[in-house]
Amino acid sequence: MRDTYMDQFRSTWSDEAKQKFRHQPLTVRHNYHEHHAFSDVALAALIERHPRDMIDFCTMGDDATDHDSWRAGDPGALSGLELIEAVRKGKLWINLRHAMDQDPEYRPIYDAMLADMKQADPSFRPLNAEAGILISSPTAQVFLHSDVSETMLWHMRGVKRFRTYPATQPYLNTDDVEAVLHHDKTEDIPFDPAWDKDAFTVDLHPGMAANWPLHGPHRIENQSGVNVSVPFEISTPQSRLQNSILYANGVLRRQFGYVPTETRTDGLGALMKRMLTYTVKLKIKLFGEASRPMPKSEQTFDIDPNAPEGFVNREATA
Ligand SMILES: [Fe+2]
């Protein structure tokens with residue numbers, strides 16, 4: 001644990017890591033995990049002051065292919081320390097959305113991390129970046145998914161096994177990214193355990209961070225300890241361009257019955273797709289879009305630090 005002069009905190013990038021950044025999976029070292037902001041006491045206070053509607057409390061099953069076992073729960077009136085205790089003993093996953101970029105105590109750390117990434121790659125120009133804080137149990141997992149933004153996962157506490165797979169078939173079907181961009185589905189994607197042999201796999205220890213290419217499918221299995229990590233989601237000119245092509249493919253498929261196969265970002269076809277996306281998004285901006293409820297928001301359990309899994313199912317208590 002160090003005091004909090006921010007200039008003591010930084011990440012260290014090898015030449016190889018700088019070259020791979022955003023193109024191939026890589027890890028770097030950092031010392032942000034030594035900041036007291038990631039202690040139990042500081043995180044408990046954050047849980048209590050962060051807007052409750054920006055915190056997700058979830059659990060999940062043991063089977064890495066069973067995305068449907070992911071579900072939400074209710075923290076009730078438990079204190080921050082009681083909730084962390086439930087995470088330590090149970091099987092829970094807490095996501096404090098935007099905590100790093102919106103909470104004044106965490107914002108300087110967020111700014112320093114973003115500056116590190118820009119320094120590593122001068123061509124990296126974030127248009128928009130957000131970062132939450134994940135606090136999860138020693139046995140928690142996050143199922144295979146593909147994020148629509150560029151991502152970097154900064155690990156602070158505990159040990160988690162991180163795997164990322166190539167952003168190509170069969171691991172990633174770009175139709176799924178297209179569906180996420182159209183809000184037709186969540187970011188979850190089907191998983192086959194046989195793919196693990198093709199994955200970039202690393203055990204993230206405190207003081208490590210991982211980055212991987214845009215849309216690269218990835219999943220996480222915690223190995224030990226209360227896990228605390230900071231996932232950055234970053235929109236860049238490159239991610240916007242690729243997503244605008246996929247979005248246009250989705251419009252062609254949904255509104256014109258055409259089956260697009262091309263995801264290139266250059267050439268005349270790509271230019272027309274970018275214009276199509278611009279037109280459709282402008283129309284949505286002007287006239288709005290029918291809102292669709294996202295799945296899995298129903299709370300099916302109550303957190304309980306004294307229960308073996310850290311929660312009690314609502315069905316069981318009814
Ligand atoms: Fe992710």
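**Exercise 1. In this predicted model, find how far helix H5 reaches and decide where its buried residues lie around the helix axis.**

Solution. Begin with the extent of the helix: H5 covers residues 107-120, which makes 14 residues, and the distance from its first C-alpha to its last is 20 Å, close to the 20 Å expected at 1.5 Å a residue. Next, pick out the residues of H5 that are buried, namely Ile109, Tyr110, Met113, Asp116, Met117 and Ala120. Looking down the axis of H5, one finds these buried residues within an arc of 120 degrees, so they line one face of the helix. Finally, ask what they pack against: the partners are strand S1 (11-12), helix H1 (15-20), helix H4 (99-102), strand S6 (128-131), strand S9 (150-164) and strand S12 (218-235).

**Exercise 2. Describe how helices H2 and H3 pack, giving the angle and the distance between their axes, and name the residues that make the contact.**

Solution. Helix H2 spans residues 40-49 and helix H3 spans residues 80-89, and the two pack at an angle of about 115 degrees with their axes 8 Å apart. An angle from 65 to 115 degrees counts as roughly perpendicular, and H2 and H3 are therefore placed in that class. Their crossing is right-handed. On the side of H2, the contact is made by Asp40, Leu43, Ala44, Ala45, Ile47 and Glu48, while H3 contributes Gly80, Leu81, Leu83 and Ile84.

**Exercise 3. Determine which residues of H3 are buried and what covers them.**

Solution. The buried residues in H3 are Leu83, Ile84, Ala86 and Val87. Seen down the axis of H3, they fall within an arc of 155 degrees, so they line one face of the helix. Their cover includes H2, S5, strand S7 (133-136), S12 and strand S13 (299-303).

**Exercise 4. Classify His98 and His215 as buried, partly exposed or exposed, and report the sign of phi for His98 and for His215.**

Solution. As background, most residues other than glycine have a negative phi. His98, although not a glycine, has a positive phi of about 65 degrees, and this residue lies in the loop between strand S5 (93-96) and H4. A residue is buried if 20 or more other C-beta atoms lie within 10 Å of its own, and exposed if 12 or fewer do; His98 has 16 such neighbours and therefore counts as partly exposed. His215 likewise is not a glycine and has a positive phi, of about 70 degrees, and its place is in the loop between strand S11 (208-212) and S12. With 24 C-beta neighbours inside 10 Å, His215 counts as buried.

**Exercise 5. State the form of the peptide bond from Gln169 to Pro170 and locate Pro170.**

Solution. Most peptide bonds are trans. The bond from Gln169 to Pro170 is cis, with omega near 0 degrees, and Pro170 is found in the loop between S9 and helix H6 (174-181).

**Exercise 6. Characterise the surroundings of Ala129 and of Asp56.**

Solution. Ala129 sits in strand S6 and is partly exposed, with 19 other C-beta atoms within 10 Å. Neighbours within four places in sequence aside, Ala129 is in contact with Leu114, Phe232 and Ile234. Asp56 belongs to strand S3 (residues 55-59) and, with 16 C-beta neighbours inside 10 Å, counts as partly exposed. Under the exclusion of neighbours within four places in sequence, Asp56 is in contact with Ala72 and Asn95.

Note on methods:
Residues numbered from 1 in each chain as written. Predicted model: local features only at pLDDT ≥ 70, side-chain atom pairs only at ≥ 80, totals over all residues. Helix = DSSP H or I, 4+ residues; strand = E, 2+ residues; numbered from the N terminus. Expected span 1.5 Å × (residues − 1). Arc of directions from axis to C-beta. Contact = placed C-beta atoms within 7 Å. Axes fitted to C-alpha atoms, helices over the stretch in contact; angles between N-to-C directions. Parallel < 35°, antiparallel > 145°, perpendicular 65-115°, else oblique. Left-handed = near helix turned anticlockwise from the far one by under 90°.
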